[in-house]
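Trainee: Please pick one spot in this structure and take me through it closely. After that, work your way out to the rest of the chain, and spell out the cut-offs as you go.

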Amino acid sequence: MPPPPAPPQDPPPPGPGSGPYGSEPPAAPPAKKSAGRDLRAAIGVGVGLGVVVVAALFIVKAVFVGIVVVAVVVGLWELTSRLAERKQIQAPLIPLAAGGIAMVIAGYVDGADGAWIAMALTALAVLVWRMAKPPEDYLRDVTAAVFAAFYVPFLATFVVMMLAADDGPRRVLVFLLLTVISDTGAYAVGWRFGSHKLAPRISPGKTREGLIGAIAFAMVAGALLMQYFIDDGRWWQGLLLGLAAAVSATLGDLGESMIKRDLGIKDMGTLLPGHGGIMDRLDSLLPTAPVVWLLLVAFVGQG
């Protein structure tokens with residue numbers, strides 16, 4: 001009589017290296033929260049650019065205007081290049097660059113009236129320039145080009161319009177500091193405490209906590225800067241200025257993120273290590289410039 005079969009044995013508990021196929025690596029430890037970019041390179045490039053910009057700002061105004069012109073032309077080149085690569089949109093760079101230079105200079109010399117005239121002439125030049133190519137996609141190309149002209153050089157004219165005031169260097173420095181401090185507050189608070197997404201379909205890294213940090217940092221900085229740095233400025237005006245700057249900087253960042261998502265790219269360029277391209281640094285500055293210019297004029301006059 002054969003012996004009864006042995007009762008089934010329970011499998012041994014899985015240990016390190018065990019798995020359905022004989023050898024499975026142990027579970028990886030939770031990933032540490034990462035900043036998502038090369039912070040050393042980003043800080044080094046940011047500090048270097050800041051030193052150059054501030055030095056030009058307080059030494060010779062014309063040099064700073066030249067820096068704005070270079071930034072505008074490079075930004076237009078990045079934007080039109082990405083449009084051509086990803087969407088086959090042929091926005092003509094030559095009339096855009098020429099018109100952008102004219103806009104910046106006209107804004108500095110003649111204020112808003114000169115900037116608007118240069119903007120209109122740039123749009124006309126784009127319409128004519130594109131006629132040299134076949135009519136297919138004409139409307140698409142010129143629409144994108146007019147958008148580029150408004151988005152980059154026209155918004156940049158408000159920076160040089162601030163500069164044209166008697167205390168222009170101080171106004172521009174306030175504008176730059178508020179934008180940078182807003183971005184820093186959003187990054188620091190969002191990285192440490194962020195858990196509620198602000199606009200996950202547009203920019204998954206942005207959080208509501210980060211927005212609160214941006215507003216808080218910018219409002220405190222605005223109050224101090226208006227009270228002690230701008231003639232006839234008041235601390236309560238700085239609170240409003242900081243709030244407006246933080247909101248516009250955030251919307252500008254989201255706006256460029258929307259463009260990059262539509263184009264399917266992470267950065268507009270690679271010129272600035274740790275930052276991306278010039279447009280990746282101008283995204284929050286450009287829409288903030290007209291906001292700060294307008295509020296400073298309302299609070300302390302044209303200067």
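Mentor: Let's start with Ile117, which is exposed at a relative accessible area of 52%. Here exposed means over 50% relative accessible area, buried means under 20%, and partly exposed is whatever falls in between (1.4 Å probe, protein chains only). Before going further, keep in mind that this is a predicted model: local features need pLDDT of at least 70 and side-chain atom pairs count only at pLDDT 80 or more, while totals for chains, interfaces and linings use all residues. Residues are numbered from 1 along each chain as its sequence is written, and side-chain values use heavy atoms, with hydrogens and water left out.

Ile117 sits in helix H3, which spans residues 93–129. Helices (H or I, at least four residues) and strands (E, at least two) are DSSP runs, numbered from the N terminus. Ile117 has company on the surface: together with Leu121, Leu124, Leu127, Val128 and Met131, Ile117 makes a nonpolar patch of about 590 Å². To join a patch, a residue needs over 30% relative accessible area and no salt bridge; like charges are joined within 9 Å, and nonpolar side chains (Val, Leu, Ile, Met, Phe, Trp, Tyr) within 5 Å. The areas come from the Shrake-Rupley method with a 1.4 Å probe, and for residues only the protein chains shown count as cover.

How does that patch sit against the whole chain? The accessible surface of the protein chain comes to about 16,500 Å², and 69% of that belongs to carbon and sulfur atoms. On the inside, buried residues make up 42% of the 303 residues.

For a contrast with Ile117, look at Val152. Val152 lies in helix H4 (residues 138–163), and at 0% relative accessibility Val152 counts as buried. Leaving out residues up to four places away in sequence, Val152 touches Val72, Leu76, Leu79, Met279 and Leu286, where touching means heavy atoms within 4.5 Å. Val152 and Leu282 are 130 residues apart in sequence, yet 8.5 Å apart in space, C-alpha to C-alpha. Across the chain, residues 24 or more positions apart account for 71% of the contacts with a separation of 6 or more.

Arg171 is a buried residue too, at 4% relative accessible area, and its place is in helix H5 (residues 168–193). A polar atom of the Arg171 side chain lies 2.9 Å from the backbone oxygen of Gly301. Neighbours that Arg171 touches include Met162, Ile230, Leu296 and Gly303, again not counting residues up to four places away in sequence.

Now the charged pairs. Side chains of opposite charge can pair when their charged atoms come close. The structure holds nine salt bridges, each being a side-chain nitrogen of Lys or Arg within 4 Å of a carboxyl oxygen of Asp or Glu. In one of them, Lys87 and Asp262 meet at 3.3 Å, N to O. Lys87 lies in helix H2 (residues 61–87) and Asp262 in helix H7 (residues 235–263), so this pair ties together parts that are 175 residues apart in sequence. Lys87 is partly exposed at 31% relative accessibility, whereas Asp262 is exposed at 51%.

Helix H7 has a pair of its own: Glu256 and Lys260 form a salt bridge at 3.6 Å, N to O. The two are four residues apart in that helix, so about one helical turn separates them. Glu256 is buried at 0% relative accessibility, and Lys260 is buried at 11%. Elsewhere, salt bridges that share partners join Arg130, Asp137, Arg140 and Asp141 into one network. Within that network, Arg140 and Asp137 meet at 3.6 Å, N to O; Arg140 is partly exposed at 32%, as is Asp137 at 43%.

Last, the overall layout. The chain has nine helices and two strands, and read along the sequence the pattern is α-α-α-α-α-β-β-α-α-α-α. The strands, S1 (residues 197–199) and S2 (residues 203–207), pair in the antiparallel sense over two bridges; two strands pair if DSSP finds at least two bridges between them. S1 and S2 form a hairpin with three residues between them, and Ala199 stands opposite Ser203 in S2.

Conventions. Polar contact = N/O pair within 3.5 Å; in protein donor to acceptor, adjacent residues only side chain to side chain.
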